[in-house]
Amino acid sequence: MKIADIMTKQVHTIAPDKTLKECAQVLKQRNVNGLVVLEGAKVVGVITKTDLFKAILPSYADIMEDEHHIASFEYIEERAHKLYDKKVRDLMGAPPITIDGDMPVIKAGSLMILRRVKQLPVVDDGALKGIVTLTDIINYISDKLK
């Protein structure tokens with residue numbers, strides 16, 4: 001089975017010059033974990049809820065210096081507000097890891113594990129064709145085991 005057979009064809013995207021606040025709003029509105037970043041028609045990155053969350057959390061050094069960061073929502077809120085004006089390009093994962101629709105499902109799953117990502121944009125002839133997630137692959141394997 002090939003990725004093109006299980007990928008989601010409707011891909012939620014965002015431009016690299018949008019703010020992280022706009023990004024967070026799109027993630028929430030679309031109820032997705034990540035967005036493919038497009039500059040024109042070219043895939044230039046991926047940004048996820050995890051990327052946003054990691055950027056908001058205090059660093060290990062901050063926590064070791066002053067443990068109030070762990071329990072202080074105000075500190076987290078302050079960091080979030082500072083980040084909201086930054087651009088998607090400042091936080092997105094780039095260069096993007098992409099695959100083509102002919103890639104075998106299991107190979108794509110192995111690539112996700114190896115590269116520690118949960119989704120891969122599917123690009124054929126330079127054009128975004130879809131996205132495949134770890135959930136898509138797990139569901140495919142689960143269906144095959146029935």
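**Notebook: sheet, hairpin and surface**

I looked up the sheet order first and found an open sheet of three strands in the order 1-2-3, with mixed pairing. Strand 1 (13–14) and strand 3 are at the edges with a single partner strand each, so each has one side without a neighbour in the sheet. Strands here are DSSP runs of E with at least two residues, helices are runs of H or I with at least four, and both are numbered from the N terminus. Pairing requires at least two DSSP bridges between two strands.

I noted that this is a predicted model, in which local features need pLDDT of at least 70 and side-chain atom pairs count only at pLDDT 80 or more, while totals for chains, interfaces and linings use all residues. Residues are numbered from 1 along each chain as its sequence is written, and side-chain values use heavy atoms, with hydrogens and water left out.

**Sheet and helix 2**

I checked strand 1 against strand 2 (residues 34–39): they pair in the parallel sense over two bridges. Threonine 13 has valine 36 in strand 2 as its bridge partner. Helix 2 (residues 20–30) packs on the sheet and touches strand 1, strand 2 and strand 3. The direction of helix 2 makes about 130° with that of strand 2; axes are lines fitted to C-alpha atoms, for helices over the stretch in contact, and angles run from 0 to 180 degrees between N-to-C directions.

I then looked up threonine 48, which is found in strand 3 (residues 42–48). Its relative accessibility is 16%, so threonine 48 counts as buried (buried is under 20% relative accessible area, exposed over 50%, partly exposed in between, with a 1.4 Å probe and protein chains only). Leaving aside residues up to four places away in sequence, threonine 48 touches Leu27, Asn33, Gly34 and Gln119, a contact being heavy atoms within 4.5 Å.

**Hairpin**

I moved on to strand 4 (residues 119–124), where five of the six residues are buried, so the strand is largely enclosed by the rest of the structure. Strand 4 pairs with strand 5 (residues 127–133) in the antiparallel sense over six bridges. Leucine 120 has valine 132 in strand 5 as its bridge partner. The two strands form a hairpin with two residues between them, and aspartate 125 in the turn has a positive phi of about 55°.

**Helix 8 and totals**

I placed isoleucine 141 in helix 8 (residues 134–145). At 33% relative accessibility, isoleucine 141 is partly exposed. For the whole protein I recorded eight helices and five strands, and 38% of the 146 residues buried.
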